[in-house]
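User: I am new to this structure and would love a close look at one part of it, the charged pairs, with a little of the surroundings for orientation. Here it is.

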Amino acid sequence: MRLDPFAGAYLVDPAQVWRRLLDEPERVHHDPDLGLWLITRHADVRRALSDAEAFGNALTLAPIYDLCPEAMEFIARIDAPPTTAAADPPVHPRTRRALRATFANTAERVERRYGAIVQRRVDELVSRLVDRPDGRADLVGEFTTELPLLVLLDILGVPEEDVGRVRAWGDGQIALLWGRPEPAEQVRLARGLWEFWCYCEQLVGARLGGGRYGDDYVSQLLAYRDGDDEVLTVAEVSSIVFNLLVAGHETTAGLLAHALDQALSSPDRWRELGEDPRRIPAFLTETLRFAPAIDGWLRVTRRSVTLDGVTIPAGARCLLLIGAANRDPAVFARPEQFDPHRSDADGHLSFGHGPHFCIGAALARLEARMALTRLCRAVPGLRLTPGHRRSYKVNIAFRAHRSLPVVIDATVPSGPPAAPVAG
């Protein structure tokens with residue numbers, strides 16, 4: 001079976017495609033149209049994520065198509081060294097140590113260090129929704145994409161007036177690297193990506209030239225570096241910031257949108273979460289399994305590898321279908337059923353596995369938990385606009401809702417909310 005991530009069912013209900021792929025006799029096979037090896041089985045995806053010796057990251061952030069020459073001119077100007085997602089040993093362990101030392105990555109440290117920032121931003125955005133005079137909003141445009149970006153900019157010390165530019169640059173990077181835009185759009189997006197890189201260099205340069213460091217995360221990275229290029233180079237600091245400004249908010253935005261979609265799509269879920277917020281962490285874990293924000297990720301084989309009886313040659317690009325792996329019936333009971341009470345949801349691979357496990361996982365969970373808790377309390381009657389048809393943005397990795405239109409009602413609902421229509 002072939003996969004078309006840029007059209008048809010994949011943009012409406014990718015689970016249909018994952019199910020058919022999992023039903024194939026060979027769950028590892030080559031897709032000639034994409035030029036990728038598709039890996040769907042949970043055990044195989046888990047191995048590819050964790051085995052850095054066999055599956056490399058050098059091409060993780062490279063487009064799966066040939067950029068036009070004009071776009072390549074801008075890409076060639078970006079001299080960002082690989083640090084995190086696109087790095088292999090020995091660079092990755094060194095830069096990962098820097099992240100672990102400077103970025104709070106456990107639930108306790110995250111809440112202690114960033115909890116007040118998250119709560120303030122959640123309160124601001126919920127208040128704006130409640131105050132909407134027309135009682136209608138798009139949660140994607142006005143909440144789920146705003147919250148993680150504002151939180152991240154607060155952590156990094158980025159001026160709030162730059163929110164619009166950073167959001168546009170981040171969206172552009174995803175469309176350029178994991179989409180398939182036409183040449184004219186490639187040029188526009190590539191120019192934006194180069195501007196984004198220059199912005200990150202300037203942000204780091206301003207801290208470096210200031211003579212003293214503050215409490216923001218860029219300053220913490222520079223303090224950790226302490227002038228030693230063997231620890232981190234200045235370019236690597238800029239590269240880490242560059243990556244965080246995209247991955248750090250797009251993935252959390254996806255988690256939050258998927259969680260709200262699931263919560264508002266069932267008659268009882270929103271009410272149950274509002275009545276007992278202790279249900280929210282398990283609800284979010286099941287959301288991560290059922291609807292991951294990143295449902296496909298790229299690796300390249302560093303040698304020939306045999307998976308599920310199929311040999312993938314050295315130098316082959318592989319698409320790890322995390323969304324399919326999270327529905328593997330060999331691991332999850334009733335995988336097509338969204339069940340926040342299930343006991344096996346923790347087996348999901350939505351934050352990765354092994355040496356590249358998402359450094360921001362705890363922060364993403366904190367933001368989503370605080371957001372759902374506050375929204376359930378403030379808007380118990382929140383419901384999806386009747387007739388809303390679920391659809392996703394075009395790309396191969398990030399599963400991002402185009403919109404989540406809602407009716408804002410602060411009263412307790414008297415009947416079930418409307419469920420979205422696939423299509």
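Is Glu 336 buried, partly exposed or exposed, and what is its relative accessible area?

Analyst: Happy to walk you through it, and please keep in mind that this is a predicted model. Glu 336 is partly exposed, with a relative accessible area of 33%. Its salt-bridge partner is Arg 327, and the closest N and O atoms of the two are 2.7 Å apart. Arg 327 itself counts as buried, at 5% relative accessibility. This pair therefore joins a buried residue to a partly exposed one.

Asp 162 and Arg 165 can be looked at in a similar way: their side chains meet in a salt bridge, with 3.1 Å from N to O. Here the acidic residue is the buried one, since Asp 162 has a relative accessible area of 10%, while Arg 165 is partly exposed at 43%.

Next comes Asp 295, which forms a salt bridge with Arg 399; their closest N and O atoms are 2.6 Å apart. Asp 295 sits in the loop between α13 and β5, and Arg 399 in the loop between β10 and β11, so the pair ties together parts that are 104 residues apart in sequence. Both Asp 295 and Arg 399 are buried.

Salt bridges can also link up into a network, as they do for Arg 120, Arg 121, Glu 124, Asp 154 and Glu 160. Across the whole structure, a search finds 31 salt bridges.

Now for the surroundings. The strand β5, which borders the loop holding Asp 295, belongs to an open sheet of 5 strands with mixed pairing, in the order β1-β2-β8-β5-β3. Because β1 and β3 stand at the edges with a single partner strand each, one side of each is left without a neighbour in the sheet. Within the sheet, β5 and β8 run antiparallel and are joined by 4 bridges; Val 300, for instance, has Arg 317 in β8 as its bridge partner. Helix α2, residues 42-50, lies across β1, β2, β3, β5 and β8, at about 125 degrees to β8.

For an uncharged counterpart, try Leu 255 in helix α11. Leu 255 is buried, with a relative accessible area of 4%. Leaving aside residues up to four places away in sequence, Leu 255 touches Leu 284, Thr 287, Leu 288, Ala 293, Ala 364 and Ala 368. The C-alpha atoms of Leu 255 and Glu 367 are separated by 9.7 Å, although these residues are 112 apart along the chain.

Notes. Residues are numbered from 1 along each chain as its sequence is written. This is a predicted model: local features need pLDDT of at least 70, side-chain atom pairs count only at pLDDT 80 or more; totals for chains, interfaces and linings use all residues. Side-chain values use heavy atoms; hydrogens and water are left out. Two strands pair if DSSP finds at least two bridges between them. Helices (H or I, at least four residues) and strands (E, at least two) are DSSP runs, numbered from the N terminus. Contact means heavy atoms within 4.5 Å. Axes are lines fitted to C-alpha atoms, for helices over the stretch in contact, and angles run from 0 to 180 degrees between N-to-C directions. Buried means under 20% relative accessible area, exposed over 50%, partly exposed in between (1.4 Å probe, protein chains only). A salt bridge is a side-chain nitrogen of Lys or Arg within 4 Å of a carboxyl oxygen of Asp or Glu.
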